[in-house]
Amino acid sequence: MTDRPFSHKSSRPRAAIILAAGKSTRMKSSKSKVLHDLAGLRLIEWVRTCALEAGCERIICVVGDANQDVRDAAEALSMEIAVQEPQQGTGHAVDCAKDAVGDFEGDIAVLFADTPLITTQTLNSVFEALTEADVAVLGFEANVPGAYGRLIERDGTLEKIVEAKEASAEELAVTLCNSGVLASQSGRLFKALEQVTNENSKGEYYLTDVIEIMRKDGGCARVVRGHEDEMLGVNSRADLAAANASFQTNMRNMALEDGVTLRHPETVYFSYDTVIERDAVIGENVVFGPGVIVKSGATIHAFCHIEGATVGEGASVGPFARLRPGTDLGPDSFIGNFVEVKNTKVGRGSKASHLTYLGDAVIGAGSNIGAGTVTCNYDGFFKHKTTIGDGVFIGTHTSLVAPVTIGDGGFTATGAVVTKNVPADALAIARVDQVNKLGWAARFREAMSKRKAKS
Ligand code: UD1
Ligand code: CA
């Protein structure tokens, strides 16, 4: 097409304006809604990540005066800030970013901070649609169109967006809805916004009005279709739960497709960044917090809670194990029931089978940690390191009072309280010697029975 007012190159720079100035009353929270966590990442971070991955070199977050916490978070995430005060609608919100956008001449996508599940691929297709159109809108077929804006198409292009409150009965029957995501070339977007008025039932400046304005100006508008699951907006705790459910279903399906066994998929919970390699087996009721990598052939048995941990090839974890941040389990290692591991490296084939706490430790290969062993890593002020070599045998119920080192091949006797380093191949016995008092128990019972009879 040569008659359109603007020509587009796919290589144009990209930017995003993330709207986050709205109030979040329905969340019933002292914290702004876009700072609530969804699978290990705050809502606003989901949207920011999507924009970054789609190649946006500028990200401007629009906040209200009341959302100081959002502003702080956005600044900490290196986003640029624009303030919208008071909030007079989505069109007004975008216009408030105009000064921040300045002379940026590329394509801009408008995203909502409370719509976290839109994928990078989807956002890319919205930007890419700008090679054929002046403005692109992400739409979806809604199961329940409800309060969504309706996308009115004619001859394969988008004619206008009608907010549900302004729609005729005929328009309300349309099921193709507006996700809120819209992209256009920067100058054109702000030019159209100048013509948006607040003459509507809400008395707000609707961003959606730019479609009709651009079309009247000879511009071409297109709808990019996405899946409803991605468009879910979070307004309440119930919405947050629904978004999480949708994310979890997706992750489970992807894991199964990638060759991971999930014994009961509906009971396994993932984080945004969970990586599980093929032929890993995940048991029932397992929770993955952020930062987990489970390598090929590893097994996570039922009821484990794992975050910030790498589980090596062929390793076995649980049932009922807790792996905390900084855990690095070597290949074929074994962490059994009621074992907690934190900031600890476990070497190839080493085992801690039962009832143990390993914190701030490094354990070599082929070592065995007896039941009930505890690394005493904290003195109330500082954390200290425990170093255990290769082929070490830690006897049952050993307390390893850090900082302490057990040399290769060393042994500790059952019940040892180890406060000094143990040389390689040595046995450390650190407990009170046993004394057997012959006949004592029988005498004790007799004395007690007599006393009871008198009373
Ligand atoms: C908007 C769309 C609607 C679409 C729906 C999808 C408009 C006019 N309507 O409606 O077509 O189907 O989203 O969910 O755009 N915000 C501000 N400042 C404001 C108003 C809103 O920053 O003054 C932010 C909110 O924080 C939120 C987003 O913009 O992140 C959407 O605002 P909201 O009021 O929820 O728009 P809807 O009425 O749902
Ligand atoms: Ca909304």
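Which strand holds phenylalanine 338? Select residues 334–342: this run is strand S24, and phenylalanine 338 lies in it. Keep in mind throughout that the model is predicted.

**The surface patch**

With Phe338 still selected, add Phe303, Phe320 and Leu355. Together these four residues make a nonpolar surface patch of about 410 Å².

**Ligand 1 and its surroundings**

Next, select ligand 1, which sits in the largest pocket. Three elements each give two or more residues to the shell around ligand 1: strand S1 (14–20), helix H3 (90–95) and strand S10 (176–185). The shell has 20 residues, and the closest are Gln84, Gly89, Thr90, Glu163 and Asn178.

Now show the polar contacts of the ligand's oxygen atoms. Stop at these three residues:

- Threonine 90: an N or O atom in its side chain is 2.7 Å from an oxygen atom of ligand 1.
- Glycine 22: here a backbone N or O atom lies 2.9 Å from an oxygen atom of the ligand.
- Glutamine 88: a polar backbone atom is 3.4 Å from an oxygen atom of ligand 1.

Switch to a surface view of the ligand. Ligand 1 exposes 750 Å² when taken alone, and the protein buries 82% of that.

**A salt bridge**

Select arginine 12 and aspartate 107 and show their side chains. The two meet in a salt bridge, with an N to O distance of 2.4 Å. What does this pair tie together? Arginine 12 lies in the segment before S1 and aspartate 107 in strand S6 (residues 107–112), so the bridge links parts that are 95 residues apart in sequence. The model has 19 salt bridges by the distance rule used here.

**Backbone points to check**

Most peptide bonds are trans, and most residues other than glycine have a negative phi. The next three stops depart from that pattern.

Go to glycine 318 and proline 319. The peptide bond between them is cis, with omega near 5°. Proline 319 is in the loop between strand S21 (316–317) and strand S22 (322–323).

Move on to alanine 402 and proline 403, which are also joined by a cis peptide bond, with omega about 0°. Where does proline 403 lie? Look in the loop between strand S32 (399–401) and strand S33 (404–406).

Finish at aspartate 360. This residue is not a glycine, yet has a positive phi of about 55°. Aspartate 360 lies in the loop between strand S26 (351–359) and strand S27 (361–363).

Terms used: Residues are numbered from 1 along each chain as its sequence is written. Chains are lettered from A and ligands numbered from 1 in the order in which they are written. This is a predicted model: local features need pLDDT of at least 70, side-chain atom pairs count only at pLDDT 80 or more; totals for chains, interfaces and linings use all residues. Side-chain values use heavy atoms; hydrogens and water are left out. Patches are made of residues with over 30% relative accessible area and no salt bridge: like charges are joined within 9 Å, nonpolar side chains (Val, Leu, Ile, Met, Phe, Trp, Tyr) within 5 Å. Accessible areas come from the Shrake-Rupley method with a 1.4 Å probe; for residues, only the protein chains shown count as cover. Helices (H or I, at least four residues) and strands (E, at least two) are DSSP runs, numbered from the N terminus. A residue is near a molecule or strand if one of its heavy atoms lies within 4 Å of it. A polar contact is a pair of N or O atoms within 3.5 Å; within protein, one must be able to donate a hydrogen and the other to accept it, and residues adjacent in sequence count only if both atoms are side-chain atoms. On a 1 Å grid over the protein atoms alone, a cavity is a set of points where a 1.4 Å probe fits but cannot get out, and a pocket is an open set with protein on both sides within 12 Å along at least five of seven lines; lining residues have an atom within 4 Å of a point. A molecule sits in a cavity or pocket if more than half of its atoms lie within 2 Å of its grid points.
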